[in-house]
Amino acid sequence: MKPVIVEVRNMQRMISDITIIKRVNAEVKPGDVIALLGKNGAGKTTLLETLLGFAFPSFGDVCIWGEKATEIAGDIKQRIGFVPQQDELLAGFNGHEHINLFKAFRKTWNQELVDRLVTEWLIPMDVAARKMSVGQRQKLSILLAIAHEPDLLILDEPVASLDPIARRQFLQQLVDIAADENRAIIFSSHIVADMERVANQVWMLQNGELTYQGGLDELKESIARLTINATEELPANLGLSGAIKQRAQGKQAWVTLKNWTPDQQEQIAKKLNADVQVDYLSLEDIFLEMNA
């Protein structure tokens with residue numbers, strides 16, 4: 001049985017009497033690559049910051065390798081990498097100076113990886129951070145977070161400012177990290193198609209609640225979009241259990257169902273005296289349907 005890296009129990013986070021995160025229970029284990037999905041304002045950044053111990057939960061507990069996240073010792077911090085939404089680079093330091101500074105505080109450091117990514121990602125090492133483009137700063141921030149090969153890597157919108165080529169290079173690096181089943185990754189991004197290429201787990205955050213947490217493949221198999229062609233005019237409400245979204249127009253209807261199982265196709269066809277076509281959705285389409 002795999003050890004638990006992050007354990008969240010009944011965690012709630014309030015800011016100024018407003019509940020941002022509501023009673024979250026979750027675990028992160030080695031080998032997990034978790035796509036954290038949610039609309040703006042859903043609480044993704046607050047959740048990630050609380051997991052890292054940057055703030056105290058208002059209720060419940062967050063533990064990292066068995067220790068409270070707000071009290072983790074230095075040796076545990078050494079095993080974590082984090083890329084925030086807004087980089088925290090030192091404006092007057094160039095790339096070389098950032099590398100030397102971060103390296104000095106790390107027990108492990110993969111200089112071969114650093115040298116390779118500096119070249120592949122075209123990071124201008126002799127330029128001060130304040131003179132770098134937003135994309136260059138983001139690439140340097142990612143490099144600093146992964147150079148010590150952390151066992152837990154948390155990324156909050158890491159590709160927002162990267163061009164398509166840089167995004168593809170970064171995702172390949174994530175794939176390489178994920179190949180080590182002793183490590184875990186949690187990352188959020190608005191580019192859902194990118195997340196689908198790497199993730200094996202999904203956390204769906206809606207209004208501060210984790211409405212789905214589980215395998216990516218299981219999620220994609222449990223959501224289906226039906227195109228219904230009936231012999232008679234259909235009612236506005238088809239009365240189908242698990243309907244997330246539905247629209248009926250004359251003898252046609254389009255319905256998205258959760259908790260889908262293939263045997264429902266024949267049942268619905270008989271119930272509505274209709275032909276039922278089933279389409280399975282991409283992660284991006286599922287996210288859009290569930291947040292419509």
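Start by selecting helix 6, residues 164-178 (helices are DSSP runs of H or I of at least four residues, strands runs of E of at least two, numbered from the N terminus): at 1.5 Å a residue its 15 residues should span 21 Å, and the end C-alpha atoms are 21 Å apart, which agrees. The expected span is 1.5 Å times one less than the number of residues. This is a predicted model, in which local features need pLDDT of at least 70 and side-chain atom pairs count only at pLDDT 80 or more, while totals for chains, interfaces and linings use all residues. Residues are numbered from 1 along each chain as its sequence is written, and side-chain values use heavy atoms, with hydrogens and water left out.

Next, select Ala166, Arg167, Phe170, Leu171, Gln173, Leu174 and Ile177, the buried residues of helix 6 (buried is under 20% relative accessible area, exposed over 50%, partly exposed in between; 1.4 Å probe, protein chains only). Seen down the helix axis, they fall within an arc of 155 degrees, so they line one face of helix 6; the arc is taken from the directions from the axis to the C-beta atoms. On the face turned away, pick out the exposed Pro164, Ile165 and Arg168.

At the N-terminal end, show Asp163: this cap of helix 6 has a side-chain oxygen 3.1 Å from the backbone nitrogen of Ile165.

Now go to Phe54 and Phe82, an edge-to-face aromatic pair with 5.5 Å between centres and 65 degrees between planes (centres within 6.5 Å; under 30 degrees is stacked, over 60 edge-to-face, the rest tilted; Trp by its six-membered ring). Phe54 is exposed at 52% relative accessibility, and Phe82 is partly exposed at 22%.

Definitions and conventions:
Polar contact = N/O pair within 3.5 Å; in protein donor to acceptor, adjacent residues only side chain to side chain.
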